[in-house]
Amino acid sequence: MFRYLRMVILSLCVLCLAGCAAAINADLPRLAPVEQSETLGALEVFFFDVGKADSILLRQGEHAMLIDAATNQESRYVVARLQEEGIHKLDVLLITHENNDHVGGAHRVLRTVEVQRVYMGRMVEDRRRMGEFLETLETKGMEAKTPVAGDHFMLGSAQVTVIAPVGDTPRKANDASLVLRVDFGQTAFLFAADAEDLSLSEMLSAPGSREHLRAQVLKVPHHGQAHALSASFFAAVDPQIAVITAGPGGEDGLPDPAVTAALERLGAQVYITGYGEVKVVSDGFQLTTETIPR
């Protein structure tokens, strides 16, 4: 009799916990999901060689996302690379923030590639920077959504999570950059856009920062420019591979030698896109890297 009662009580506890978990998961803010693949396959990440600008393609099976679209001048190259890779449809076009070296080519991508959804960072400085991009969205009858920290969605078998900016503190455009974490199997990528000290400080002090920031691959923030919290941020991420989106030969003084030195002290392999496009592939367990000359 006692054994029977204990089994009933345990069953009720399990049901209660399951209900609580469902309630917690239901409360998580969530962007529109992408259908998840049955098999893991591979996640391919292409850091395009577009000078001191950002444009990064993620492909997982039949799903693809473009993070930023470089400058207007480099946008033809971005579109050409998408076509070379057989990308005729993007599940997501995500623009991290309003600066020209991230949004400048977005209108051309929208005009030449089918895009299902558009996400963009909060505009905080000058709406005119996004003028052509916003006009193209309007022409196509599309609306860009602005995600917040904690929002997440699936790209095939990869989970994309927004981890910054955190909070509503007034900020400049770089610190309003959307920072993304992508988890795929046992591997993780962190795309830090142009985050500067305010955003870095918020990420470092956020609850669960140790788990949210640790990643094998880091897109180094702000084209390798040094900030007061750069070394602390790199230590928190502890990357194996660090990719800096900057031109060759130290143009504009980037990357800052202090940045590359801090990353190398952590044992990271440092790649600069100005010396060739960087491709990182994850099978969910291991990473492979190659450089593709332009």
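Here are five short exercises with worked solutions on this predicted model.

**Exercise 1. Get your bearings: how many helices and strands are there in the protein, and what share of its residues is buried?**

Start with the elements: the protein has 9 helices and 15 strands. Next, look at burial: of the 294 residues, 52% are buried. Then check the outside, where the accessible surface comes to about 13700 Å², with 52% of that belonging to carbon and sulfur atoms. Finally, take the contacts between residues at least 6 apart in sequence: 68% of these join residues at least 24 apart.

**Exercise 2. Trace the open sheet of 8 strands: what is the strand order, and which strands are at the edge?**

Walk across the sheet and you get β6-β5-β4-β3-β2-β1-β14-β15, with mixed pairing. The edge strands are β6 (144–145) and β15 (287–292), each of which pairs on one side only. Now bring in helix α5 (residues 131–139), which packs on this sheet and touches β4 (89–95), β5 (114–120) and β6. The direction of α5 makes about 130 degrees with that of β5.

For a look at one strand pair, go to β2 (residues 56–60) and β3 (residues 63–67): they run antiparallel and are joined by 5 bridges. Within that pair, Gln60 stands opposite His63.

**Exercise 3. Take apart the largest nonpolar core: which residues touch the most other members, and which element gives the most?**

This core holds 30 residues, and those touching the most other members are Leu57, Leu66, Leu82, Leu90, Leu93, Val109 and Phe133. At least two residues each come from β3, α2 (75–84), β4, α4 (106–112), β5 and α5. The top contributor is α2, with 4 residues.

Zoom in on Leu82. Skipping residues up to four places away in sequence, Leu82 touches Phe48, Leu57, Leu66, Ile87, Val109 and Val113. A separate core of 27 residues lies apart from the largest one, and its members include Val45, Phe184, Val217 and Val280. As a rule of thumb, nonpolar side chains in soluble globular proteins tend to be buried together.

**Exercise 4. Follow up on Val45: is this residue buried or exposed, and what is it in contact with?**

First place it: Val45 sits in strand β1 (residues 43–47). Its relative accessible area is 0%, and buried means under 20%, so Val45 counts as buried. Now list the contacts, leaving out neighbours within four places in sequence: Ile56, Leu57, Leu58, Phe189, Phe191, Val278, Lys279 and Val280. Pick Phe189 from that list. Val45 and Phe189 are 144 residues apart along the chain, yet their C-alpha atoms are separated by 9.4 Å.

**Exercise 5. Work out how α9 sits on the 7-stranded open sheet: which strands does it touch, and why do its buried residues line one face?**

Begin with the sheet, whose order is β7-β8-β9-β10-β11-β12-β13 with mixed pairing. Both β7 (152–155) and β13 are edge strands with a single partner, so each has one side without a neighbour in the sheet. From one strand to the next, the twist averages 20 degrees.

Then add the helix: α9 packs on this sheet, touching β11, β12 and β13, and its direction makes about 165 degrees with that of β12. The buried residues of α9 (residues 257–265) are Val259, Thr260, Ala262 and Leu263. Looking down the helix axis, these fall within an arc of 160 degrees, so they line one face. Their cover includes β11 (217–219), α8 (230–237), β12 (241–244) and β13 (269–272). On the other side of α9, Pro257, Glu264 and Arg265 are exposed.

Terms used: Residues are numbered from 1 along each chain as its sequence is written. This is a predicted model: local features need pLDDT of at least 70, side-chain atom pairs count only at pLDDT 80 or more; totals for chains, interfaces and linings use all residues. Side-chain values use heavy atoms; hydrogens and water are left out. Two strands pair if DSSP finds at least two bridges between them. Contact means heavy atoms within 4.5 Å. Axes are lines fitted to C-alpha atoms, for helices over the stretch in contact, and angles run from 0 to 180 degrees between N-to-C directions. A nonpolar core is a set of buried Ala, Val, Leu, Ile, Met, Phe, Trp, Tyr and Cys residues joined through side-chain atoms within 4.5 Å. Buried means under 20% relative accessible area, exposed over 50%, partly exposed in between (1.4 Å probe, protein chains only). Accessible areas come from the Shrake-Rupley method with a 1.4 Å probe; for residues, only the protein chains shown count as cover. The arc is that of the directions from the helix axis to the C-beta atoms.
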